[in-house]
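Open the model in your viewer and keep the selection panel at hand. This tour moves from one selection to the next and says what is there.

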Amino acid sequence: AGTLLGLSAALFVLFIFRFLPLMLDIPNQLRGPANTAENFRRLMAETFLSTTVQMPLWAAIITLVIALVLMSRLVRIRSKNSHRTPDNHTGAFAGSTIMLIGGVYLAWLTWTEVQNAYAEAFEAGEGLDLWTQIITLSAGFLLLVVAWFLWRSADDRSSTRAMLLRLGGAALLMVGAWFLIGELPAAMAAGNSTWWTGLLATFYYSLGTIPVQLGLALLLAVLLFQDIPGKSVFRIIYFIPYIAPFVGTAAVFRIIFSSRANAPVNSLMQNLGMDTLPWLNDPTGIFQLLLGNAVNLPQWAAGPSLALVVIIIYGTWTFVGFNTVIFLAGLGAIPRELYEAAAIDGGGRWAQFRNITLPLLSPTMYFLTLYSVIGTFKAFNHIYVLRSAAALGTTDTASVVIFNAFQRDTRYGYASALAILLLLIIIVLTLVNNQIASKRVFYG
């Protein structure tokens with residue numbers, strides 16, 4: 001009886017899916033002055049009496065009647081055997097059957113619609129709709145999660161065969177996830193290269209800012225942690241760029257690194273006997289500038305553009321103070337007795353720093369690394385202010401590309417899909433960072 005109830009519910013769902021598209025198409029057929037209420041009633045009757053609608057409707061009704069008859073018979077039988085304690089699993093079984101049938105049907109319907117959307121986008125040369133992109137990316141992300149758990153559980157297997165099977169299954173799931181996620185950009189916008197340029201700029205921006213700002217912040221924190229005169233004033237000075245408005249300080253940087261010959265940086269270079277540079281207007285990669293025209297490097301190997309280098313300098317200058325304050329807090333949590341014991345044992349400053357300071361600062365370094373990776377991948381305000389059209393998009397990071405697709409091009413589905421893809425990239429980088437750092441972080 002529970003199975004028949006679930007089947008009846010599934011058939012009713014099928015009836016609704018068959019009936020609604022035909023009914024929603026009626027307004028398109030009624031356009032024109034000659035159409036009347038009689039035509040509306042006729043079209044409604046034709047829609048309701050069509051074969052595709054009648055078959056699931058009557059099948060659902062007949063199945064429901066049979067299920068109700070069986071349920072009534074079961075109730076009578078149980079009422080006669082009332083001295084026994086009945087185990088009423090009919091409701092749970094019916095609910096499970098309904099969910100199973102509905103889930104299978106919805107999965108089949110989703111797969112069919114996604115395939116149709118891909119085929120239509122390929123034939124028209126246009127981008128995919130929002131829900132198709134979300135479903136494809138979510139499916140790829142789900143495969144990655146399952147592959148991750150399979151990979152982690154391979155160590156717990158008692159036999160080599162079971163371990164290899166789990167590793168092989170995880171590898172196959174990773175390949176499937178790559179096809180689901182990697183196929184999407186090819187289907188959208190006929191292979192839009194702007195997104196890949198934005199990812200490359202984001203990678204260069206992260207690579208150029210994170211190591212430099214963390215290294216400088218650690219050096220400044222160690223110096224400011226010593227008993228030097230005016231250290232409180234220096235701490236405030238280094239922290240001011242972080243609390244100052246990003247738009248305002250970015251506008252100041254735009255003036256300092258202007259391409260004009262009398263800009264502050266170009267004036268300094270002229271005083272030193274060097275040629276002026278276009279700075280924020282130069283799309284040429286920094287490695288290409290150093291090598292000159294003798295070697296023609298591809299875009300990915302030319303390095304960040306000179307304009308992006310200016311933005312990297314700004315990002316480093318802004319966040320060094322914040323990282324310094326966090327490092328100072330981490331240094332303050334290290335017991336002084338450890339340094340005193342190391343000094344008694346003959347350990348110098350460098351030995352103390354390498355064997356005491358760095359291991360006990362590893363949780364702080366892990367936090368700042370994770371925070372910096374997420375921050376650089378979603379950075380927007382100062383990059384949008386410092387970017388220039390003359391840089392030919394070499395300063396447009398992933399967040400700027402998403403904003404342009406949403407605001408300027410009004411491609412809402414495409415921008416939403418890119419935002420989800422950026423979220424997945426950040427999650428993957430976070431998992432990798434956590435996996436690497438979990439074996440190296442020392443919590444005392």
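A contact, here and below, means heavy atoms within 4.5 Å. This is a predicted model: local features need pLDDT of at least 70, side-chain atom pairs count only at pLDDT 80 or more, and totals for chains, interfaces and linings use all residues. Residues are numbered from 1 along each chain as its sequence is written, and side-chain values use heavy atoms, with hydrogens and water left out.

**Stop 1: the whole chain**

Color by secondary structure. The chain has 19 helices and zero strands. Both are DSSP runs numbered from the N terminus (helices: H or I, at least four residues; strands: E, at least two).

Now color by burial. Buried means under 20% relative accessible area, exposed over 50%, and partly exposed in between (1.4 Å probe, protein chains only). Of the 444 residues in the chain, 34% are buried.

Switch on the surface. About 26400 Å² of the chain is exposed, and carbon and sulfur atoms supply 68% of that area. Accessible areas come from the Shrake-Rupley method with a 1.4 Å probe; for residues, only the protein chains shown count as cover.

One more global value concerns contacts with a separation of 6 or more: residues 24 or more positions apart account for 67% of them.

**Stop 2: Gln213**

Select Gln213, in helix H8. Is Gln213 buried or exposed? Its relative accessible area is 4%, so Gln213 is buried. Show its neighbors, leaving out residues up to four places away in sequence: Gln213 touches Gly315, Thr316, Phe319, Val320, Asn323 and Ser372. Ser372 leads to the next stop, as one of the buried residues of H16.

**Stop 3: helix H16**

Select residues 362–377, which form helix H16. The helix has 16 residues and reaches 23 Å from its first C-alpha to its last. That is close to the 22 Å expected at 1.5 Å a residue, where the expected span is 1.5 Å times one less than the number of residues.

Show the buried side of the list: Ser362, Thr364, Tyr366, Leu368, Leu370, Ser372, Val373, Thr376 and Phe377. Which helices do the buried residues of H16 pack against? They pack against H8 (193–225), H13 (306–332), H15 (349–360) and H19 (412–437).

**Stop 4: where H15 meets H16**

Keep H16 and add H15. Two packed helices are described by the angle between their axes and the distance between the axes. The axes of H15 and H16 come within 4 Å and cross at roughly 50°. H15 and H16 are therefore oblique to each other. The contact is made by Leu358, Pro359 and Leu360 of H15 and by Ser362, Pro363 and Met365 of H16.

Axes are lines fitted to C-alpha atoms, for helices over the stretch in contact, and angles run from 0 to 180 degrees between N-to-C directions. Angles under 35 degrees count as roughly parallel, over 145 as roughly antiparallel, 65 to 115 as roughly perpendicular and the rest as oblique.

**Stop 5: Ala342**

Select Ala342, in helix H14 (residues 336–344). Ala342 counts as buried, at 17% relative accessibility. Beyond four places in sequence, Ala342 touches Gly347, Gln352 and Ile356. Draw a distance to Asn355, 13 residues along the chain: the C-alpha atoms of Ala342 and Asn355 are separated by 9.4 Å.

**Stop 6: the salt bridges**

How many salt bridges does the structure hold? There are three. A salt bridge is a side-chain nitrogen of Lys or Arg within 4 Å of a carboxyl oxygen of Asp or Glu. Select each pair:

- Asp227 and Lys231 meet at 3.7 Å, N to O. Asp227 is exposed at 76%, and Lys231 is partly exposed at 23%.
- Arg387 and Asp396 meet at 2.8 Å, N to O. Arg387 is partly exposed at 22%, while Asp396 is buried at 11%.
- Arg408 and Asp409 meet at 3.1 Å, N to O. Arg408 is exposed at 57%, and Asp409 is partly exposed at 33%.

**Stop 7: two positive phi angles**

Select Leu392, in the loop between H17 (381–386) and H18 (398–408). Its phi is near 60°, a positive value in a residue other than glycine. Leu392 counts as exposed, at 65% relative accessibility.

Finish on Thr410, in the loop between H18 and H19. Thr410 is not a glycine, yet has a positive phi of about 55°. With a relative accessible area of 45%, Thr410 is partly exposed.
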